[in-house]
Amino acid sequence: MSVSHKKIVATKNENSGIVRDGFGSKLGVIAAASGSAIGLGNVWRFPYITGENGGAAFLIIYLACIVLVGLVVMLAEFVIGRHSQSNAIGSFKKIAPKTPWFLTGWMGLISAVLILSFYSCVAGWCLHYLILMISNTFAGASPDAIGGMFGEFISGYSPIFYQVIILIITASIVYLGVKNGIEKMSKILMPLLLVILVVLAGRSLTLPGAMEGVSFLFKPDWSAINAQSIFIALGHSFFTLSLGMGVMLTYGSYINKKENLGSTVVAISIADTVVALLAGLAVFPAVFAFGLAPSEGPGLVFAALPNVFNHIPFGNMFGALFFALLAIAAITSTISLLEVIVAYLEEEVKISRKRATILSTGVIAITGALCSLSNTPLLSDVKIFGWTMFDFADKITANYLMPIGGLIIVIFVGWCMKKSDIENELLLDGKKPWYSDVFMVLVKFVTPVLIAVVFLNQLGIIG
Ligand code: TRP
């Protein structure tokens, strides 16, 4: 991670010789961090888990998790990163030398490998759907037939082919160090994705029968909620904001000292939430209008949206553009995930960038293929803790590794960092902002207790 940032910084300050002085503007930080946050988590994962967990009530709990946990963890990561001016492992080593806190950084590394394994698989699905859209495959097909095509596709071997393409694109970009160019390009393309989502939501909402989907998303049925769904909402708030793995911590180390960390965190979280809500508004009205099941699982978006494109003039071209942009949004995420691994290998294991990229991509190609194959009859019966390998990688990261990383991060900030150091990072024009004391209470007590309670309950220890 930090390596690429040094590159960003180096190109910005060729003459100054200062290596780590950060993003040029506040908008730059927000764009880069939102780029990490916004991805398949918003457009693919959010609708499918919201559908599985009963809709509106789940959405409300998810939003509460964003506010009470997500904002606090993100601010905590920014505080550590900007204070230490270092990466996820280095930060802990610098602030608390000779303690095991830095192991949090290694946990982020494992998360990155596991996320890449299933995320590249889903990104590959987008590529395939891009081709299906261009070739107008869905024209005139019934909603059932469209759902069937998805099932048939993922239970075959071709998803591995697309996944490998995604991994090769990702590795080439990371290896060639052209991440900047891609990020610049995505700054133009991502707003376009937003526009398409707005149009899609508009079309979806005007389909006959759409209102049932709107009630599903916004009219809470609290009976659908249990401890398990709270656990899943919490996990997704970490996943969607890229928290608990040191990624935001690293971004924090590049934020200018004058910048207002609090408002930056709020802006990123709002951007991320808006995209998820728009995806929900595109998917659920269509799900109900076409008589699909909201609890369909990971195929939900792929089964629902082609029907909407079928009801838009030039829908196949529009759909192709949508899946192309979604694949690009996914690739910007896979790039930063791979970058996490490559940077750790380079800096901590001291191997060359080329070796680090080839080695990590090779490992992920194998673990990733296992995720793809776990949707086929070949490996669908191989279960880890009762999950297929795909579900294992998805759930163990979002629901366990990332929240545990986040818990450690808030405990570190709340209980190990000096209060004056934290307050220093929150200062605005030399003055303590109103939320400084609120943050101290949240980071010390509220957020760690919330995460711990949800966890202990899930593990059956309390509740
Ligand atoms: N937040 C990303 C999404 O919603 C997924 C993600 C999790 C991620 N951790 C990350 C992306 C780290 C980049 C880096 O799609």
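Colleague: Let's start with charged side chains. How many salt bridges does the structure hold?

Modeller: Keep in mind that this is a predicted model. A salt bridge needs a side-chain nitrogen of Lys or Arg within 4 Å of a carboxyl oxygen of Asp or Glu. The number of salt bridges in the structure is nine.

Colleague: Which helices hold R353 and E339?

Modeller: The side chains of R353 and E339 meet in a salt bridge, at 3.2 Å from N to O. The two residues are 14 apart, and the pair links distant parts of the chain. R353 belongs to helix α16 (residues 353-373), while E339 belongs to helix α15 (residues 315-348). In that order, the helices are α16 and α15.

Colleague: Is E339 buried or exposed?

Modeller: A residue counts as buried when its relative accessible area is under 20%. Its partner R353 has 11% relative accessibility, so R353 is buried. For E339 the relative accessible area is 0%, so the word for E339 is buried.

Colleague: Which residues are linked with K432 in a network of salt bridges?

Modeller: Let's build it up from two pairs. The side chains of K432 and E423 meet in a salt bridge at 3.6 Å, N to O. K432 also meets D437 in a salt bridge, at 3.0 Å, N to O. With K432, the network links K419, E423 and D437.

Colleague: Is E423 buried or partly exposed?

Modeller: It helps to look at the other residues of the two pairs as well. K432 has a relative accessible area of 44%, so K432 is partly exposed. D437, at 41% relative accessibility, also counts as partly exposed. E423 is at 16%, and because buried means under 20%, E423 counts as buried.

Colleague: Now for the cysteines. Why is there no bond between the sulfurs of C121 and C371?

Modeller: A disulfide needs two cysteine sulfur atoms within 2.5 Å. The structure holds zero disulfides. For the sulfur of C121, the closest cysteine sulfur is in C371, and the two are too far apart for a bond because the distance is 6.8 Å.

Colleague: What is the relative accessibility of C371?

Modeller: Let's take the two cysteines in turn. C121 is at 0% relative accessibility, so C121 counts as buried. C371 counts as buried too, because its relative accessibility is 3%.

Colleague: At what angle do helix α6 and helix α17 pack?

Modeller: Helix α6 covers residues 103-134 and helix α17 covers residues 389-416. Their axes are 9 Å apart, and α6 passes α17 in a left-handed crossing. The packing angle is about 145°.

Colleague: How many residues of the contact of α6 with α17 are nonpolar?

Modeller: From α6, the contact includes M107, F118, C121 and W125. From α17, the contact includes F390, D394, M402 and I409. The full contact has four polar residues and one charged residue, and the number of nonpolar ones is 16.

Colleague: Where does S242 lie?

Modeller: S242 has 9% relative accessibility, so S242 counts as buried. Along the chain, α11 covers 227-240 and α12 covers 247-252. S242 lies in the loop between α11 and α12.

Colleague: Which residues is S242 in contact with, leaving aside its neighbours within four places in sequence?

Modeller: Contact here means heavy atoms within 4.5 Å. One of the partners, M402, also belongs to the α17 side of the contact with α6. Leaving aside neighbours within four places in sequence, S242 is in contact with S36, A37, V247, M248 and M402.

Technical notes:
Residues numbered from 1 in each chain as written. Predicted model: local features only at pLDDT ≥ 70, side-chain atom pairs only at ≥ 80, totals over all residues. Heavy atoms only, no water. Buried < 20%, exposed > 50% of the residue type's maximum accessible area, 1.4 Å probe, protein only. Axes fitted to C-alpha atoms, helices over the stretch in contact; angles between N-to-C directions. Helix = DSSP H or I, 4+ residues; strand = E, 2+ residues; numbered from the N terminus. Left-handed = near helix turned anticlockwise from the far one by under 90°. Nonpolar A, V, L, I, M, F, W, Y, C, P; charged D, E, K, R; others polar.
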